[in-house]
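Trainee: I should like a close look at a single part of this structure, the surroundings of the bound ligand. Could you take me through that part and then relate it to the protein as a whole?

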Amino acid sequence: MLITFEGIEGSGKSTQAQMLKDALIEKGYKVSLTREPGWGRLGHLIRTIILEDRELELDPLAELFLFCADRAQHVKDYIEPRLRNGEIVICDRFYDSTIVYQGHGRKLDMRFVTKTAKSSAGETTPDMTFLLNLPVREGLSRLKERGDITKMDEEPVEFHELIRQGYLLLSRREPDRFFKINADRDPASIHEEIKASVLLRLTS
Ligand code: TMP
């Protein structure tokens, strides 16, 4: 089973992904936690190019293909073998990030971005996607407290607003896969809600 976490910057995805992993391991499941972009040698290089190299003005189409290149390698070498092995894979961001950031955010052609983003994962699709929904102002202020700002984080508020709206649209289109979670509350209660949904799916 593939579980993905999505949301704007500062929405708490990474914390929740880690909490879910720990909870499922405690229940006896075999679980791997990973993230995009950034897995493996290629992912590391791509992450540096896209998110850290401030000298480089990346063309939006080039950016799209770099995120998709990262995913193609990640899915083939890391995610697919584990899913075939019956493991639960939790991924912090997946192709929905490409659809909203490069489609809604960068305003590339939505149909093309959606097709390219999904194709980069081959046959692999998430079984459950948790969308951590939070007002942009709140996400950005959490980010400032945390430090560690990437190039994408520095985009104007309007960009992050497009991302938030893009996610909400996706979650309305695929209500069976998306679980929209109110992320504007304490991490423990968010975790309980997510854990309950996953355990229900795993045992039904
Ligand atoms: P994060 O790992 O700190 O969430 O940073 C990843 C950044 O990259 C985040 O701003 C979202 C962005 N991103 C895209 O624009 N497209 C993608 O396909 C992915 C996976 C991430």
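**The ligand site and its setting**

Mentor: Arg-93 is a useful place to begin; this residue is found in the loop between strand E3 (88-92) and helix H4. Please bear in mind throughout that the model is a predicted one. The backbone of Arg-93 deserves attention, for its phi is near 80°, a positive value in a residue other than glycine. Arg-93 is also among the residues that come nearest to the ligand, together with Glu-9, Thr-98, Tyr-101 and Gln-102, out of 14 residues around the ligand.

Three side chains can be described by their distances to oxygen atoms of the ligand. For Glu-9, a polar side-chain atom lies 2.9 Å from such an oxygen. For Arg-71, the corresponding separation between a polar side-chain atom and a ligand oxygen is 3.3 Å. Arg-93 places a polar side-chain atom 2.8 Å from an oxygen atom of the ligand. The ligand taken alone exposes 480 Å², and the protein buries 93% of that area. As for the location of the ligand, it sits in the largest pocket.

The shell can next be considered by composition and by origin. Its residues divide into six charged, five nonpolar and three polar. At least two shell residues are supplied by each of helix H2 (40-52), helix H3 (60-84) and helix H4 (95-105). H4 provides the largest share, with four residues. The loop that holds Arg-93 therefore deserves to be viewed together with H4, since that loop lies between E3 and H4.

A second loop has a backbone feature of its own. Pro-37 is found between strand E2 (31-35) and H2, and a cis peptide bond with omega of about -10° joins Glu-36 to Pro-37. H2, at the end of that loop, is one of the helices that supply at least two residues of the shell.

Finally, the whole protein. Its secondary structure comes to eight helices and five strands, and along the sequence these follow the pattern β-α-β-α-α-β-α-α-β-α-α-β-α. The radius of gyration is 16 Å, close to the 17 Å that the globule rule gives for 204 residues, so the protein is as compact as a globular protein of that length. Along its principal axes, the C-alpha trace spans about 45 × 35 × 30 Å.

Key:
Residues are numbered from 1 along each chain as its sequence is written. This is a predicted model: local features need pLDDT of at least 70, side-chain atom pairs count only at pLDDT 80 or more; totals for chains, interfaces and linings use all residues. Side-chain values use heavy atoms; hydrogens and water are left out. A residue is near a molecule or strand if one of its heavy atoms lies within 4 Å of it. A polar contact is a pair of N or O atoms within 3.5 Å; within protein, one must be able to donate a hydrogen and the other to accept it, and residues adjacent in sequence count only if both atoms are side-chain atoms. Accessible areas come from the Shrake-Rupley method with a 1.4 Å probe; for residues, only the protein chains shown count as cover. On a 1 Å grid over the protein atoms alone, a cavity is a set of points where a 1.4 Å probe fits but cannot get out, and a pocket is an open set with protein on both sides within 12 Å along at least five of seven lines; lining residues have an atom within 4 Å of a point. A molecule sits in a cavity or pocket if more than half of its atoms lie within 2 Å of its grid points. Ala, Val, Leu, Ile, Met, Phe, Trp, Tyr, Cys and Pro count as nonpolar, Asp, Glu, Lys and Arg as charged, and the others, Gly among them, as polar. The radius of gyration is taken over C-alpha atoms; the globule rule is 2.2 Å times the number of residues to the power 0.38.
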